[in-house]
Amino acid sequence: MTALIEHGPQSVVPAVRRFLSGRKQLLIGGEWADAASGRTFGTEDPATGRELAQVAHGEAADVDRAVRAARRAFDEGPWPHMKPNGRERLLWRIGDILSERAEEFGQLEALDNGKSVGIATAVDVAWAADVFRYYAGWATKIEGSTVNVSMPFAPGGQFHAYTLREPVGVCGLIVPWNFPILMAAWKLAPALAAGNTVILKPAEQTPLSALLLGEVFTEAGFPPGVVNIVTGFGDAGAALSGHDAVDKIAFTGSTEVGKKIVDAAKGNLKKVSLELGGKSPNIVFADADLEAAVPGSLNAWLFNHGQCCVAGTRMYVEDTIFDEFTAAVAEAASKVRIGPGMDPATELGPLISQEQFDKVTGYLRDGLADGARALSGGGRWGESGYFVEPTVLVDVQPDFSVVREEIFGPVVAALPFNADEGVVAAANDSIYGLAAGIWTKDVSKAHRTARQVKAGSVWVNQYNGFDTAMPFGGYKQSGWGRELGAGALDLYTTTKSVNIAL
């Protein structure tokens, strides 16, 4: 392990060393346990390709154990009888512990995912703590309503009618590898605030922060079986999606896998919410504040190494400033500091795995072979690890794969547009509709374009403008439902109508 954790100038804190050296088991019914098969798998540091730890290899039998534990906790345990302010206090405690142990979680995320330790700590972990506190407050505010019914078929009667918002039940939560702790928080916090029990399935590439979070839930005093964690591969996710005792599946990941989850969930018609892929347009008008638009547009596709579902990887730039603007973005990209996540100076870390590295570099080869020209980057960086140079591609056509398909790496395709012909049709020419950016000083143009773009989140004169209170989700094949904000509670509750004849 020493070779793994000394590749950056920032030393690993003792708590992370201890965690990495311990057994990585499944959390089922409040107990840590090995997989039924006894199998394990390795999780690696993408900056070096070396193994960090062995993790329990959960499979269908383990998913079944976890579902049964969650079912008991929901149907028979203390959780359904807990007062809302009890859930509030527990969730708030999770937020507090995350803040107290932010350095530990941030380092673990940097090692397992490859992202900058500074960003992992100040953004991912800090925001995850905020998410738990936000939904802690909602635990006491999930309410029904009274209804003044007319009852035309009983004109002489009197009635008292009302609605209840109740938890769905047992929820399977499947989270991706690009924001492991944050995506877990996005799903866990509203699900638990609403009174559900859960089985969390982290991505096989990044299971460590979920397991450490499991320790936090135990420390905070959550009843056994309320939060269960099963690490494993796609077969475990499929077993969870298809399990008849699961009432709800929430998934973040690729559109391809999302469709498989929908198919698996149809057996008992469980509720499904999906946050899927994107190929987001970032639109730069000639009247934009270029001093803000250049770094903002760079951040649009480089944040989290380009491994971000909302990444603005189709950059539409008005033709009168196209050459100047793309050159400026390429120059800024060439100055980005590349390195391992544990180096606090790193701005662009490695991709998550050899598989992802091969995928991204394959897209680059195809784009260049199709006729694209790289203003910056275009290939591998360094001789070890899964690093790709930040790449700005021009001379691309709308039918190129680098324009149409989600690359999930530090690559942007830039296309010019003419003001008279407009840009909205091109921006909407995608199977996805997750996010969009608009850069202009003209407030009327900004509002018009924001209304016309088919995307769940539109950011004007900024990019990645997230907030816990703002709903997030996509149009078209970017998903079903909205996470964050008050609306996320709709994903984890169901409405009951009660009508009483007096």
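This is a short walk through a few spots in a predicted model.

Okay, let's start on the surface. There's a negative patch here, made up of Asp-366, Asp-370, Asp-399 and Glu-405. Take Glu-405: you'll find that residue in the loop that runs between helix 14 (401-404) and strand 16 (411-417). Its relative accessible area is 37%, so Glu-405 comes out as partly exposed.

Now let's go inside. Helix 9 covers residues 234-242, and the buried ones there are Ala-236, Gly-237, Ala-239, Leu-240 and Ser-241. What do the buried residues of helix 9 pack against? Two helices, namely helix 3 (60-75) and helix 10 (255-265), plus strand 7 (170-174), strand 8 (197-201) and strand 10 (248-252).

Next up is Thr-449, which sits in helix 16, residues 443-452. With a relative accessibility of 5%, under the 20% cut-off, Thr-449 counts as buried. Leaving aside residues up to four places away in sequence, Thr-449 touches Ile-283, Phe-285, Val-424 and Ile-438.

Last bit, for those of you who like backbone angles. Asn-304 isn't a glycine, yet its phi is positive, about 60°. You'll see Asn-304 in the loop between helix 11 (290-302) and strand 13 (314-318), and at 6% relative accessibility it's buried.

Leu-484 is another non-glycine with a positive phi, this one about 65°. Leu-484 is in a loop too, between strand 21 (479-480) and strand 22 (493-501). Is Leu-484 buried or exposed? Buried: its relative accessibility is 0%.

That's me done, thanks.

Note on methods: Residues numbered from 1 in each chain as written. Predicted model: local features only at pLDDT ≥ 70, side-chain atom pairs only at ≥ 80, totals over all residues. Heavy atoms only, no water. Patch = residues over 30% accessible without salt bridge, like charges linked within 9 Å, V, L, I, M, F, W, Y side chains within 5 Å. Areas by Shrake-Rupley, 256 points an atom, 1.4 Å probe, with all protein chains shown as cover. Salt bridge = Lys/Arg side-chain N within 4 Å of Asp/Glu carboxyl O. Lys, Arg positive; Asp, Glu negative; His and termini not counted. Charge placed at Lys NZ, Arg CZ, Asp CG, Glu CD. Helix = DSSP H or I, 4+ residues; strand = E, 2+ residues; numbered from the N terminus. Buried < 20%, exposed > 50% of the residue type's maximum accessible area, 1.4 Å probe, protein only. Contact = heavy atoms within 4.5 Å.
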